[in-house]
Amino acid sequence: MLNPYLLRNELILTAQKLSKKNYKLNVCKISSMEDKRKKLQIQTEKLQHEHNILSNIFRDQKNIEKRSEILKNKILQLNKNLNVLKNELNFLKEKIHNFSIRIPNIPFDDVPIGKTSIDNKEIKCWGQKRKYNFKIKDHIEIGKKFNELDWKSSATMSGSRFIIMKGNIALLHRALSQFMLDLHTLKHGYTETYVPYLVHPKALYGTGQLPKFSDDLFHINSIDKNSYILIPTGEVPLTNLLYNKIIDEKELPIMLVAHTPCFRSESSSYGRDVKGLIRLHQFDKVELVQIVQPEKSIEILENLTNHAEKVLRLLKLPYRKMLLCTGDMGFSSAKTYDLEVWFPSQKKYIEISSCSNMTDFQARRMKIRYRKKSENKKFFVHTLNGSGLAIGRTLAAILENYQQSDGRVEIPKVLQKKYMRGLEFIN
């Protein structure tokens with residue numbers, strides 16, 4: 001949620017900045033509501049002040065029966081009027097709140113202006129693309145050949161866009177998650193965290209998936225009448241761990257990592273990448289979250305992105321780092337880097353990680369603050385998150401990039417001994 005100050009005092013400038021994100025702020029509507037709120041606020045405060053004065057006089061003069069009765073009636077009338085104003089003010093505040101939670105975050109000034117992924121800016125490329133002297137297969141063909149990616153059985157029990165993995169491919173999938181968790185906890189300093197996969201809607205309001213992206217989520221109505229939603233990413237429970245908390249500055253940064261399944265209906269994907277492991281309804285991801293002081297969040301985004309890049313470098317998978325344009329960024333993000341891994345079968349890069357600085361946008365929705373000792377004041381934290389990495393897409397990239405002319409798939413050396421039981425190839 002945006003700082004209310006921006007909508008009250010810098011409305012035109014805020015509207016101009018939001019337009020870069022292809023969002024048209026209804027200036028007239030918010031201006032009208034804010035003007036009415038100010039008037040009601042002044043009236044309420046004035047009436048409350050008058051009520052307090054008369055109440056004090058009434059207490060001082062209660063021994064004078066006649067005066068007390070007159071004052072008493074006046075106070076009762078003031079009370080009725082005050083309640084009417086308070087109810088009207090609260091209703092208007094709720095209306096402004098419901099309007100505000102649909103406004104996206106403002107992009108940083110260094111984010112390129114654009115409408116689609118075509119306008120994204122390439123920051124760097126890493127790694128050498130392998131050259132093949134044979135006809136390469138995509139990961140779907142490779143999985144079928146090994147009989148270790150079972151689309152038919154998963155479709156029978158769950159429908160399309162689910163997968164069953166078996167044998168050494170299932171082992172590789174598990175190995176990747178363990179490798180990523182070890183790297184991020186032992187080398188990068190994150191705290192491994194196990195989190196719920198079902199959350200209440202307020203958790204998704206906090207991170208910004210609701211109310212806008214409700215159709216992309218799997219909603220569950222339980223027998224106990226509680227409403228649950230399957231998490232679309234580990235970012236949701238990890239960030240909500242700090243919901244409505246005040247943190248001592250010395251505890252920052254808070255660095256959390258979790259391996260979770262992710263559930264997405266993908267209603268807005270419009271048929272993109274519907275085959276294979278690229279866009280499933282259920283997939284696994286290792287998620288990185290950092291909670292930091294505002295003045296450090298720009299630097300921390302670079303560090304967090306580098307942590308995700310390290311996974312790709314150790315696996316020796318060619319990738320590129322992209323700075324997303326204003327129109328391709330997420331709702332809650334002020335700046336986002338996408339890491340895209342090379343898929344030789346498609347001769348293109350495909351996103352495998354998205355690393356974002358949410359500034360205080362999520363923190364305001366979740367009321368996450370920290371206490372700055374030097375000023376003895378409370379401030380909103382900045383939240384950041386990124387995939388480190390999406391496991392299914394990493395697996396698919398390995399199957400394609402490491403395929404051999406004899407049909408085998410080489411296992412990246414960093415995984416062989418410690419995570420793959422000494423296995424060098426999938427036969």
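Visitor: Where is the place of Asn22 in the chain?

Guide: Asn22 stands in the loop between α2 (11-19) and α3 (27-60). Please keep in mind that this is a predicted model.

Visitor: What is the sign of phi at Asn22?

Guide: Phi is positive there, about 60°, although Asn22 is not a glycine. Another residue to look at is Arg161, which is likewise not a glycine and has a positive phi near 65°. Arg161 belongs to the loop between α6 (151-158) and β3 (164-165).

Visitor: Is Asn22 buried or exposed, or something in between? And is Arg161 buried or exposed?

Guide: The reading rests on relative accessible area, where buried means under 20% and exposed means over 50%. Asn22 has 44% and therefore counts as partly exposed. Arg161 has 15%, so Arg161 is buried. Over the whole chain of 427 residues, 49% are buried.

Visitor: How many helices and strands does the chain have?

Guide: The chain contains 13 helices and 18 strands. Its C-alpha trace spans about 105 × 50 × 45 Å along the principal axes. Of the contacts with a separation of 6 or more, 73% join residues 24 or more positions apart.

Visitor: Which residues does the cis peptide bond with omega near 5° join?

Guide: That bond runs from Leu210 to Pro211. Pro211 is in the loop between α8 (201-207) and β6 (219-221). A cis bond also joins Gly388 and Leu389, with omega about 20°, and Leu389 is part of strand β16 (residues 382-390).

Visitor: How many disulfides are there?

Guide: In general, a disulfide is a covalent bond between the sulfur atoms of two cysteines. To count one here, the two sulfur atoms must lie within 2.5 Å. The count for this model is 0 disulfides.

Visitor: Why does Cys262 have no such bond?

Guide: The closest cysteine sulfur to that of Cys262 belongs to Cys355 and is 14 Å away, which is too far for a bond. Cys355 is accordingly in no disulfide. Cys262 is buried at 0% relative accessible area, and Cys355 is also buried at 0%.

Visitor: How many aromatic pairs does the structure hold, and how should one read them?

Guide: A search of the whole structure gives 8 aromatic pairs. The angle between the ring planes decides the label: over 60 degrees is edge-to-face, under 30 is stacked, and the rest are tilted. For Tyr132 and Phe134 the ring centres are 5.6 Å apart and the planes meet at 80°, so this pair is edge-to-face. For Tyr370 and Phe379 the centres are 6.0 Å apart and the planes are at 35°, so that pair is tilted. Tyr370 is buried at 1%, whereas Phe379 is partly exposed at 28%. In addition, Phe213, Phe331 and Phe361 form one aromatic cluster.

Visitor: Over which ring does the charged end of Lys129 sit?

Guide: The charged end of Lys129 sits over the ring of Trp342, 3.9 Å from the ring centre. Similarly, Lys321 lies over the face of Tyr337, 4.2 Å from the centre of that ring.

Visitor: Which side chain of opposite charge is nearest to Glu400?

Guide: The nearest one is Lys347, 9.5 Å away. A salt bridge requires a distance within 4 Å; Glu400 is buried yet has none. Glu400 is in helix α12 (residues 391-401). Beyond its neighbours within four places in sequence, Glu400 has contacts that include Tyr132, Lys137, Asp138 and Phe343.

Conventions: Residues numbered from 1 in each chain as written. Predicted model: local features only at pLDDT ≥ 70, side-chain atom pairs only at ≥ 80, totals over all residues. Heavy atoms only, no water. Buried < 20%, exposed > 50% of the residue type's maximum accessible area, 1.4 Å probe, protein only. Helix = DSSP H or I, 4+ residues; strand = E, 2+ residues; numbered from the N terminus. Lys, Arg positive; Asp, Glu negative; His and termini not counted. Contact = heavy atoms within 4.5 Å. Phe/Tyr/Trp six-rings, centres within 6.5 Å; stacked < 30°, edge-to-face > 60°. Lys NZ or Arg CZ within 6 Å of the ring centre and 35° of its normal.
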